[in-house]
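Q: Walk me through one strand in this model, slowly please. I'd like to know which way its side chains point and what sits beside it.

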Amino acid sequence: MRGGRRTKQWWWRWRSNPLRRRDDVLEAWLVLAAWVLVVVGGTFAGAVAARAADETFARQRADRTPVRAVLLADVPRTTGARGNVYSDRAMAKVRWTAADGSRRTGSTLVDAGLRTGSTVTVWTNRQGDLTSRPPGPTDAAVEAGFLGAGAALALSGLVIGAGAAARCRLDRRRIAQWGREWDMVGPRWGHKTG
């Protein structure tokens, strides 16, 4: 110790040492493998998840089309007891013409406060059925990034958890081995404590 500080020995588990046990080396390799899996596997899992999400959002943008629809009923504003507006959107019945020329009706979320006969934009799929608006390129990129980060964190958590469980098992094995060795060496000492 220099100046009251403890010096850290890097790579001590791999160095030749008469006190080093096989389990110490095994633990060192286990920790190294866990970190490599966290870095490489987490990056790979995140990239794969982000790419898959981005492709899904791109397919949604390609498959969904905006269509003009007509409101079939008034959409009142929902207000609370103090006059606060609860929601600026509400479910309403609409009518639209599908790509094949057929007239369709359905319910979708529209802005509150609109009157019967108002024109709204709704989104339909290839079959002409109502669907939700697809995320734009920027929103899709952000969401894909969050999904990728979530996948990377999930894999990292699993690897770190498995590594911690394996290290705990190694600790129990080392403690049992130390107990057996103490039982062999302890009686040879003439002086007993306690």
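A: Two strands pair if DSSP finds at least two bridges between them, and a strand is itself a DSSP run (E, at least two residues), numbered from the N terminus. The model is predicted, so to speak of a local feature takes pLDDT of at least 70, and side-chain atom pairs count only at pLDDT 80 or more, while totals for chains, interfaces and linings use all residues. Residues are numbered from 1 along each chain as its sequence is written, and side-chain values use heavy atoms, with hydrogens and water left out.

Let's zoom in on β4, residues 89-97. Its side chains take turns. Ala90, Ala92, Val94 and Trp96 point to one face and are buried (under 20% relative accessible area; over 50% would be exposed, and in between is partly exposed, with a 1.4 Å probe and protein chains only). Arg89, Met91, Lys93, Arg95 and Thr97 point to the other face, and these are not buried.

Now for the neighbors. One is β1, residues 65-71, which runs antiparallel to β4 and is joined to it by three bridges. Look at Arg95, from the face that is not buried: its bridge partner is Val70.

Another neighbor is β5, residues 103-111. β4 and β5 also pair in the antiparallel sense, this time over nine bridges. Here you can follow Val94, one of the buried residues, across to Gly106 in β5, which stands opposite. β4 and β5 form a hairpin, with five residues between them. In that turn sits Gly101, with a positive phi of about 95°.

How values were computed:
Helices (H or I, at least four residues) and strands (E, at least two) are DSSP runs, numbered from the N terminus.
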